[in-house]
Amino acid sequence: MNKKLILGLALFAITSFGILSACGKEAPTTSQKKEIIVATNANSKPNTYMENDKLTGYDIELTRAVFKQLPEYKLKFQVIDFNSVLSGVDNGRFQMAANALSWTAERAEKYGYSLPLSKSATSVAVKPGMKVKTLTDLAGKTTEVLAGVQVATMLETWNKANPDKAMYLTYMDASYPLTSYVADVDSGKSDFVMYDQISLTQIIKQQNYNLKVQPIDLGTTDKHTGFNYFIFGKDRDDKTLQKKVDDVLVKLYKDGTMGKLSEKYLGGNFIPRKDEMSDAKD
């Protein structure tokens with residue numbers, strides 16, 4: 001056989017092997033991605049809800065924006081009732097929760113928190129003629145709450161410390177949506193509902209209820225009051241994921257993505273100030 005032909009075939013074989021080897025290295029990348037399951041109840045508009053059979057909302061779209069910059073992970077959402085959102089993170093079934101989640105000392109013992117995602121004043125939705133500035137103004141009034149959430153715990157603590165100014169709390173099932181809490185105030189079934197200013201304002205506007213949203217003075221509060229977070233577990237892998245998510249959140253804050261999502265889903269600029277991005281975390 002001609003020496004030039006032999007040399008040519010050898011070079012062709014070497015080149016082909018190199019191409020195949022390179023392809024072999026790239027192909028498995030998709031299957032090598034680690035799946036991250038994010039739990040949400042899809043029942044806390046505007047942070048997480050279903051629209052035309054699609055999961056969306058501020059927390060959801062911000063999560064998607066974060067993981068677009070973390071190609072080593074495969075993102076998956078799991079819609080589940082609220083009580084199972086945190087317990088699922090606790091037992092490792094989910095790696096992260098996105099559900100308009102606030103900070104509490106009890107939760108901080110068990111979970112890791114992201115940088116704050118948004119800030120909204122704690123407010124009440126009431127009839128236009130009802131004057132409310134402090135918790136004292138709600139003495140003897142009725143409201144519906146979900147056991148275990150920050151508002152319920154706060155009102156329970158108030159009632160124990162101020163029995164002469166106590167409110168009447170009706171405990172609802174976890175599947176009862178926030179829109180129904182507000183509808184019950186509009187119909188007169190309850191006197192007020194306490195939640196964040198963003199959510200209450202949007203629901204009343206969308207449903208055209210004759211109600212007002214009034215920020216309420218809660219007295220002394222800590223640095224976490226009014227902020228919304230992602231929640232993670234506390235093992236080593238969870239902390240690694242949390243650090244990566246926080247790093248991307250800083251980028252999305254700086255490039256304006258968080259602000260744009262806030263305007264679109266929350267109805268205004270409700271992102272934290274630059275100093276609050278770190279001060280309100282720990």
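User: How is helix α3 placed against β3 and β4 in this structure?

Analyst: Happy to start there! In this predicted model, helix α3, residues 58-68, lies across β3 and β4 and runs at about 90 degrees to β4.

User: What makes β2 and β4 edge strands?

Analyst: The open sheet has 3 strands in the order β2-β3-β4, with antiparallel pairing. Both β2 (43-44) and β4 (54-56) pair on one side only, and that makes them the edge strands.

User: How do you know that β3 and β4 pair?

Analyst: Two strands pair if at least two bridges are found between them. Strand β3, residues 48-51, is joined to β4 by 3 bridges, so the pair meets that cut-off. One of the bridge partnerships links M50 with L55 in β4.

User: Why is A42 called buried or exposed?

Analyst: Buried means under 20% relative accessible area. A42 has 13% relative accessibility, so A42 counts as buried. This residue lies in the loop between β1 (34-40) and β2.

User: And why does N52 get its label, buried or exposed?

Analyst: Exposed means over 50%. N52 is at 74% relative accessibility, so N52 counts as exposed. You will find N52 in the loop between β3 and β4.

User: What is there to notice about phi at A42 and N52?

Analyst: Most residues other than glycine have a negative phi. A42 is not a glycine, yet its phi is positive, about 50 degrees. N52 is not a glycine either, and its phi is positive at about 55 degrees.

User: Which peptide bond joins K45 and P46, cis or trans?

Analyst: The bond is cis, with omega about 15 degrees. P46 sits in the loop between β2 and β3.

Conventions
Residues numbered from 1 in each chain as written. Predicted model: local features only at pLDDT ≥ 70, side-chain atom pairs only at ≥ 80, totals over all residues. Heavy atoms only, no water. Helix = DSSP H or I, 4+ residues; strand = E, 2+ residues; numbered from the N terminus. Contact = heavy atoms within 4.5 Å. Axes fitted to C-alpha atoms, helices over the stretch in contact; angles between N-to-C directions. Buried < 20%, exposed > 50% of the residue type's maximum accessible area, 1.4 Å probe, protein only.
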